[in-house]
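Here are my comments on the model you sent round. Please read them with the structure open.

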Amino acid sequence: MPVYIDNITLASKDTALLDQTVLNLSKHFKLRDLGETKFLLGVEIIRVEIIRDCANRSISLSQRQYIIDMLERYSMAKCNPVGTPLAPGTKLSKTMCPQTQEEIQYMQTFPYLSAVGSLNYC
């Protein structure tokens with residue numbers, strides 16, 4: 001029965017073991033080594049020497065591409081970043097909600113719930 005696997009990521013402290021594993025797999029399967037992993041499950045793996053700390057066995061992960069994709073999805077790719085979108089201490093109230101049917105329909109064109117939900121993954 002043929003099986004197709006699109007991607008596989010191998011990780012080990014022992015590069016000789018990784019090389020041997022790839023060699024063993026290549027005896028049974030057609031392989032193409034794409035080198036070091038740059039993205040895994042949509043998260044960018046940053047391998048810049050300043051950020052990668054081999055002594056402490058750590059690397060940095062970035063969701064930059066996910067954030068760019070979300071900005072594009074919600075038509076905010078050209079927005080200007082600000083530290084706080086509202087003045088600190090602003091109290092939100094129900095009177096700020098859309099009141100007329102026209103305001104309600106206008107606000108329904110903005111997927112705020114979806115956008116805020118997407119931010120939970122950043």
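The points below go from the overall fold to the sheet, some single residues and one pocket.

1. Overall make-up. This is a predicted model. The chain has four helices and three strands, and along the sequence they run in the pattern α-β-β-β-α-α-α. Of the 122 residues, 7% count as buried.

2. The sheet. The three strands make an open sheet in the order β1-β2-β3, with antiparallel pairing. β1 (39-40) and β3 (60-62) are at the edges and have a single partner strand each, so one side of each has no neighbour in the sheet.

3. Pairing of β1 with β2. Strand β2 covers residues 43-46 and pairs with β1 in the antiparallel sense over two bridges. Within this pairing, L40 is opposite V43 in β2. The hairpin of β1 and β2 has two residues between the strands, and L41 there has a positive phi near 55°.

4. Pairing of β2 with β3. These two strands are also antiparallel, and three bridges join them. If you want a residue pair to look at, I46 stands opposite S60 in β3. As a general reminder for viewing, side chains in a regular strand alternate between the two faces of the sheet.

5. S62. Is this residue buried or exposed? S62 is in strand β3. Its relative accessible area is 15%, and because the cut-off for buried is under 20%, S62 counts as buried. A polar atom of the S62 side chain lies 3.1 Å from the backbone nitrogen of R64. Residue 64 is where α2 (64-73) begins, so this contact links the strand residue S62 to the start of that helix.

6. S75. Where does S75 sit? It is in the loop between α2 and α3 (101-107). Phi of S75 is near 55°, a positive value in a residue that is not glycine. With a relative accessibility of 68%, S75 counts as exposed, because the cut-off for exposed is over 50%.

7. Cysteines. How many disulfides does the structure hold? The number is zero. C79 has a relative accessibility of 37% and counts as partly exposed. C97 is partly exposed too, at 40% relative accessible area. Both values fall between the 20% and 50% cut-offs, so neither cysteine is classed as buried or as exposed.

8. The second largest pocket: size and lining. This pocket holds about 280 Å³ of space. Eleven residues line it, and those nearest its centre are L71, Y74, M76, A115 and L119. Two elements, α2 (64-73) and α4 (112-119), give two or more residues each to the lining.

9. The second largest pocket: character of the lining. Which element gives the largest share of the lining? It is α4, with five residues. By type, the lining residues divide into ten nonpolar, one polar and no charged. Anyone inspecting this pocket could begin with α4, as the element with the largest share, and with the central residues, A115 and L119 among them.

Conventions: Residues numbered from 1 in each chain as written. Predicted model: local features only at pLDDT ≥ 70, side-chain atom pairs only at ≥ 80, totals over all residues. Heavy atoms only, no water. Pairing = 2+ DSSP bridges. 1 Å grid on protein atoms, 1.4 Å probe; cavity = no way out; pocket = protein on both sides within 12 Å on 5 of 7 lines; lining within 4 Å. Points joined across faces, edges and corners; volume = space filled by probe spheres on them. Nonpolar A, V, L, I, M, F, W, Y, C, P; charged D, E, K, R; others polar. Disulfide = S-S within 2.5 Å. Buried < 20%, exposed > 50% of the residue type's maximum accessible area, 1.4 Å probe, protein only. Polar contact = N/O pair within 3.5 Å; in protein donor to acceptor, adjacent residues only side chain to side chain.
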